[in-house]
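This report walks through selected side-chain contacts and helix features of one protein chain. Please keep the sequence and the 3D view at hand while reading.

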Amino acid sequence: MPCLLSEDATSDSCITPTTQSATNFKKYAVQAGVILGVKYFTEILCRPISGVFIDSFGYKNPLLLGAVLDALSTLLFAFAKPFPLLVLARVVQGIGSSISGVAALTMLTITYDNEVERSKATATAFGGYAVGMLGGYVLGSSTYQPLGRRAPFLFLTGFKVFDGVFRMLVVWSQKAGSKGDQLEFEDTSVSLKAYLKIVGDPYILHGLGTAFVDVLAYAPILTIAPPWLYQVRAAQEWQIGIVFLISGIAQLLMNETVSLLLNYIDKWVFACLGLLFYSISYTAYPWATTVWEAIGPNSLLCAGFALSLSVITPIMVELVKMRHCSEFGTIIGLQTSAQSLGFAIGASCSGAAMTASSFEWSCYLWALISFLGSEMCVCMLFHAVPSTTQVQKRPDNQSYELFLRSENDSQEDE
């Protein structure tokens, strides 16, 4: 990102750091924050709509549509150089990822009825998310210099085409009468009254607030750290890639650790520990005098992200099952929208905060916010959530979600 924004206007070559350009890293941080943040502002609007649509019509077609939009946006990145076109590419990417993300999480939630299996599946899925997100830094840093600016985006376009074909195979391989088909052809539309009831639930709002703070505190590391390492610590692109590669490995290992311990430790404990890891990491980051010393705090922060991200979706799904039957698409849309809002604000404000003060004080600010966010998780550890739905024995041939919904509808008719 910092090299892409600072490249020569007349060629695809990157302007190397100099004493003069070192003073401009704040400018690149602000531009990087805008490019990163605009995708998530787009997702704020698209994800709740996607959730309601998926609850009404199923997740199969949205999975395929999201893959197409993702591939088109990545291809646009390969040939767009002006800043406005880069922003446009991120908007298209935001629409595609909104549809794909909500559909994929809804598919996992419906497929795995058991709470433990669902949590493990979600943690494993976010392990792949960690590899993909942080692996992008490695791919970009290793191919940008030797192959040119278009190379990493063309590689990613190829991956996304393969992903689209794989999604088609998964969708077509599902047999008629599967859970996805049941959800797709039953009358599962979400009424405005039910939607507003979910949004107004204080426990749901608390969970959404935790999801918001979690990503709000994570986003700055992706926005301000690479320009700071590149311009102030004179790091090379491949060195920054190594930092995020090691961090990605730490995040993946933490994802797997969470999936093994979910049976023994409350999910809110993981969320609290993740935010505490953030606070420690941000406090230590400014003390890194070389790019290699940044590996420690960067890896700790990414491990904390894995701790909290792996349990947020299971927490929200459990809350909506306990209090509002099982509007999975709706709650996942709201949850991911809250996370997108957190990333948008975190990415956009981190560059501005660093411009107004310094990298060091910006990190200390996010450390304080992370610590305060962990206290939200502590509150839920000592407060039992009252259930408003009555679980009854279901017929063998009927899914839990549809049974609860049909029971709820019959009660309303009475």
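## A charged network in helix 2

In this predicted model, Lys39, Glu43 and Arg47 are joined in a network of salt bridges. Within the network, Glu43 forms a salt bridge with Arg47, and the closest N and O atoms of that pair are 3.2 Å apart. Because Glu43 and Arg47 are 4 residues apart in helix 2 (residues 25–57), about one helical turn separates them. Both Glu43 and Arg47 are buried.

Side chains of opposite charge can pair when their charged atoms come close. For the structure as a whole, the count comes to 4 salt bridges.

## Salt bridges in helix 6 and between helices 11 and 12

A salt bridge is also found between Arg167 and Asp163, whose closest N and O atoms are 2.8 Å apart. Both residues lie in helix 6 (residues 150–173), where a spacing of 4 residues corresponds to about one turn of the helix. Are the two partners buried or partly exposed? Arg167 has a relative accessible area of 14%, which is under the 20% limit, and therefore counts as buried. Asp163, by contrast, has a relative accessible area of 28% and is therefore partly exposed.

The side chains of Lys267 and Glu318 meet in a salt bridge as well, with an N to O distance of 2.8 Å. Lys267 lies in helix 11 (residues 267–284) and Glu318 in helix 12 (residues 295–324), so this pair ties together parts that are 51 residues apart in sequence. Lys267 has a relative accessibility of 11% and therefore counts as buried.

## Aromatic pairs

How many aromatic pairs does a search of the whole structure find? The search finds 7 aromatic pairs. In one of them, the rings of Tyr218 and Phe305 have their centres 3.7 Å apart and their planes at 5 degrees, so the pair is stacked. Tyr218 lies in helix 9 (residues 202–231) and Phe305 in helix 12, so the contact ties together parts that are 87 residues apart in sequence. Tyr218 and Phe305 are both buried.

For Trp228 and Tyr285, the ring centres are 6.1 Å apart and the planes stand at 65 degrees, so this pair is edge-to-face. The pair links distant parts of the chain, since Trp228 belongs to helix 9 whereas Tyr285 lies in the loop between helix 11 and helix 12, 57 residues apart. Trp228 is buried, with a relative accessible area of 2%, and Tyr285 is buried too, with a relative accessible area of 0%. Tyr218 and Phe305 also appear together with Tyr278 in one aromatic cluster.

## A glycine contact in helix 12

Gly304 lies in helix 12, and its relative accessible area of 0% means that it is buried. Although Gly304 and Gly274 are 30 residues apart in sequence, their C-alpha atoms are 3.8 Å apart in space.

## The course of helix 13

Does the end-to-end distance of helix 13 agree or disagree with the expected span? Helix 13 (residues 328–356) has 29 residues, which at 1.5 Å a residue should span 42 Å, and its end C-alpha atoms are 41 Å apart, so the two values agree. Helix 13 nevertheless bends by about 25 degrees at Cys349.

Helix 13 is mostly covered, with 22 of its 29 residues buried. Leu341 is found in this helix and is partly exposed, with a relative accessible area of 31%. The C-alpha atoms of Leu341 and Val215 are separated by 8.4 Å, while the two residues are 126 residues apart along the chain.

## A nonpolar patch on the surface

Leu260, Leu261, Tyr264 and Ile265 form a nonpolar patch on the surface, and together these residues have about 420 Å² of accessible area. Leu260, one of the patch residues, lies in helix 10 (residues 237–261). With a relative accessibility of 62%, which is over the 50% limit, Leu260 counts as exposed.

How values were computed. Residues are numbered from 1 along each chain as its sequence is written. This is a predicted model: local features need pLDDT of at least 70, side-chain atom pairs count only at pLDDT 80 or more; totals for chains, interfaces and linings use all residues. Side-chain values use heavy atoms; hydrogens and water are left out. Helices (H or I, at least four residues) and strands (E, at least two) are DSSP runs, numbered from the N terminus. The expected span of a helix is 1.5 Å times one less than its number of residues. The bend at a residue is the angle between axes fitted to the seven residues ending there and the seven starting there. Buried means under 20% relative accessible area, exposed over 50%, partly exposed in between (1.4 Å probe, protein chains only). Patches are made of residues with over 30% relative accessible area and no salt bridge: like charges are joined within 9 Å, nonpolar side chains (Val, Leu, Ile, Met, Phe, Trp, Tyr) within 5 Å. Accessible areas come from the Shrake-Rupley method with a 1.4 Å probe; for residues, only the protein chains shown count as cover. Rings of Phe, Tyr and Trp (its six-membered ring) pair if their centres lie within 6.5 Å; planes under 30 degrees apart count as stacked, over 60 as edge-to-face and the rest as tilted.
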